[in-house]
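Me: I am new to this structure and would like a close look at a single part, the sheet of strands that comes early in the chain. Please take me through it slowly, and then show me what else can be seen in the surroundings and further along.

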Amino acid sequence: MYKIFENVDYEVFHEGETFEIKGIEYDSRKIENDFVFIAMIGSVVDGHEFIQSAIDKGAKMIVVEKMVNPERYENSKNITFVFISNIRKKLGIIASNFYDFPQNKIKIIGITGTNGKTTSSFILENILEKTARIGTTGNRILNENFPTVNTTPESLELIKLIDKSVKMGAKYFIMEVSSHALQIGRVDMLKFDSAIFTNLTQDHLDFHKTMENYFNAKKKIFTLLKSDGAGIINIDDKYGKIIFEENRGRNYISFSKNDKSADVYGEIINYTNDGMKIKINAKNYFEKISSISNESEYVVEVNLIGDYNLYNILGCVAGLLSMGIDIDYILEKLSNISSIPGRFETIKNDLEARIVVDFAHTDDGLLNIGKTLQKITDNRVITIFGAGGDRDHDKRPKMAKAAAKFSDFIILTSDNPRTENPISILAAIEKGLVQIDYPFDKYLIVADREKAIKRGLGMLQKGDSLLIAGKGHETYQIIGKEKIHFDDREIVKKYLKK
C-alpha cells in the first residue's frame, strides 16, 4: 500500500485499514472506492477543503501537505492519513510508482522555448509514426484526441497519459514543455531522449518576474536528459547560444540559419505559392557522429512559411537525426506536411487579399509573422491584435512597437481580457505606439474583437494582407471568469459571406 511512496519522504499520522489502491486523484470529483486522494494547495483552490467529499466518495487514503485532525471527518476511523510536504514536487514520483514508470517504456521528446513549440510538435508527429502528443492545441494518443487545460499537464495527468500511450502502442511521446511546468516540477520524474530549445523572448514574467528566472526555468529541461539523450539548440538565439556554450563536448546539436558552422544549417531559397523552398545542410552533424564526410545538402519544398518556421524545421530535423531517423525519410515526410491550424492559417476569400490567423501573442512572435507577411504582400499589411488580461503587463507596449515595424495600419482589440478591464489593457498597448510617435491616423482602438475583425475586413483592398493575431487555434474568449465561444476564423468567414 505504501509502495507508491517509494523514494518520497512521508509520514503516516493516522493508520487506517489495509486496501488495494485502485487509483490516485487530486480532484475529489473523480474519487472512487479504494482511491487515494491527494489534497494539494493550489493557487485558487485548496484541496484540503474537499477531504470529506473524497472520503464520502470512497477514498481510503488521504495525502495532505498541511496537518489535519482525522477525527474532524466523518467515517474517517479506517482511513489512512499521510503527510508529505510540497506534494506537487513529489506527485510525479508517486504517480510513477503507481503506474510502474511508463515513461521508461517510450521515447520522450520535449520542446521548450517561447515560440515554436506547437509547430515543432506538429512537424514531429507528422514525421514519426505511432506518436502521442501533448501541448497547447490539445492531447492526442495515436488517433484519439483529448482536451487540455495546461500546455504541460500536472505530473499525475502526465503519467496517466504516458501510461495510456504505452498501452495503446505509441512509440514516441512528443510534448511541449512550459516554463511553468519546469519551474514547479511537473516533469521532474521524466528523462528525455531529446530536448529541443527553440528560442526565448519576453513572456510569462507575471509568473517568473525576471528574464533570468524565465531562462533558468527553461534550461532546466536539459538536466532531465537521459545519459544518451540529445540537447537540440537554436544557436541564433542568444539564450540558446549560452546553453550550447555551457555544454560543449556533450551530446548537444546546434542548428542555425545564420551560422554555417552549426551542426544543422538551413536557409530559405525562395517563397512559393503555398510555402517555401529551403536548403538544409547536415554535413557538420554527420562528420561529428561518424568522422566521414558525405552528401549532406538537401533541398525541399515545404507548406510552411517564414524564417521562424525554418527554425522549427531545423530543430525538428536535428532532433530526429539524433534519434537515428534517416534524413531522406525525414525530408520526404517534411515535404508532405500540411499547414498547421492557427499558425499562419490563411482563409480563402474573393477580395484578392491574404487573410492570416495566427497564435502570435508576444512581441517576437508578432514580429516573426509580420516580417514574413510583409515580404509576400504586394500592398498594405493590416494588423489586428490585443494582449491577454491578468498576464505580463510589460510586454504590451513592446507588442505595439513590434507591430509598428511591419504594419501599414493597426487595429488594437481585446484578446482574453479575463478579469482586467479591456480598456486598460488597450491603453497599455497603445503606450507603445505613442512612445514611437506612430501616426494617430494609422491605428484604431476597437475593444470588441468581432467588430475589430469586421472593420479590418472592410478595409481590405487588392494585394493587402490582414493579420489577425493572438488567438490562432483558440475557439473561445475569456471575459471575466467566463469562457465564451469565439473563433477568429469563424468570425472572418461570417463577414466574408455578407
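Reply: What follows begins with that sheet and then turns to a surface patch, ring pairs, salt bridges and a later group of strands.

Please keep in mind throughout that this is a predicted model, and that the values given here are computed from it.

The sheet is an open one built from 5 strands, and reading across it the order is β1-β5-β4-β3-β2, with mixed pairing. The strands at the edges are β1, covering 11–14, and β2, covering 23–25; each of them has a single partner strand, so one side of each is left without a neighbour in the sheet. Neighbouring strands in this sheet are turned against each other by 25 degrees on average, when direction is ignored. In general, the strands of a sheet pair through backbone hydrogen bonds, and they can do so in a parallel or an antiparallel way.

At the β2 edge the pairing can be followed residue by residue. Strand β2 runs parallel to β3, which spans residues 35–39, and 3 bridges join the two. Within this pairing, I24 stands opposite V36 of β3.

After β3 the chain enters a loop that leads to helix α1 (51–57), and V45 is found in that loop. V45 is partly exposed, its relative accessible area being 46%. Together with V44 and F50, V45 makes a nonpolar surface patch of about 290 Å².

Aromatic rings give another way of reading the model, and a search of the whole structure finds 11 aromatic pairs. In one of them, the rings of Y2 and Y10 have their centres 6.0 Å apart with 25 degrees between their planes, an angle under the 30 degrees that sets the limit for stacking, so the pair counts as stacked. Both partners are partly exposed, Y2 with a relative accessible area of 23% and Y10 with one of 35%. Another stacked pair is formed by Y73 and F81, where the distance from centre to centre is 6.0 Å and the planes stand at 15 degrees. Here the surroundings are of another kind, for Y73 counts as buried at 7% relative accessibility, and F81 is buried with a relative accessible area of 0%. Returning to the beginning of the chain, ring pairs link Y2 and Y10 with F5 into a cluster.

Charged side chains come next. As a general point, side chains of opposite charge can pair when their charged atoms come close. The whole structure holds 29 salt bridges according to the search, and E125 takes part in two that are worth following. One joins E125 to R133, at 3.4 Å from N to O. In the other, E125 meets R140, and the closest N and O atoms are 2.4 Å apart. Since E125 lies in helix α3 (residues 117–127) and R140 in strand β8 (residues 139–141), this second pair ties together parts that are 15 residues apart in sequence. The three side chains involved are all on the buried side of the 20% limit, because E125 has a relative accessibility of 14%, R133 one of 10%, and R140 a relative accessible area of 11%.

A salt bridge can also lie within one helix, as with D163 and K167, whose side chains meet at 2.9 Å, N to O. These two residues are 4 apart in helix α4 (residues 155–168), which means that about one helical turn separates them. Their settings are opposite, since D163 counts as buried at 10% relative accessibility, whereas K167 counts as exposed at 66%. Elsewhere, K22, D34 and K60 are joined into one network by salt bridges that share partners.

Far along the chain, strand β18 (residues 354–358) invites a comparison with the sheet described at the start. Of its 5 residues, 4 are buried, so β18 is largely enclosed by the rest of the structure. Strand β17 (residues 345–346) pairs with β18 in the antiparallel sense over 2 bridges, and in this pairing E345 stands opposite V357 of β18. Strand β22 (residues 465–469) runs parallel to β18, to which it is joined by 5 bridges, and there D358 has A469 of β22 as its bridge partner.

Conventions:
Residues numbered from 1 in each chain as written. Predicted model: local features only at pLDDT ≥ 70, side-chain atom pairs only at ≥ 80, totals over all residues. Heavy atoms only, no water. Pairing = 2+ DSSP bridges. Axes fitted to C-alpha atoms, helices over the stretch in contact; angles between N-to-C directions. Patch = residues over 30% accessible without salt bridge, like charges linked within 9 Å, V, L, I, M, F, W, Y side chains within 5 Å. Areas by Shrake-Rupley, 256 points an atom, 1.4 Å probe, with all protein chains shown as cover. Salt bridge = Lys/Arg side-chain N within 4 Å of Asp/Glu carboxyl O. Buried < 20%, exposed > 50% of the residue type's maximum accessible area, 1.4 Å probe, protein only. Phe/Tyr/Trp six-rings, centres within 6.5 Å; stacked < 30°, edge-to-face > 60°.
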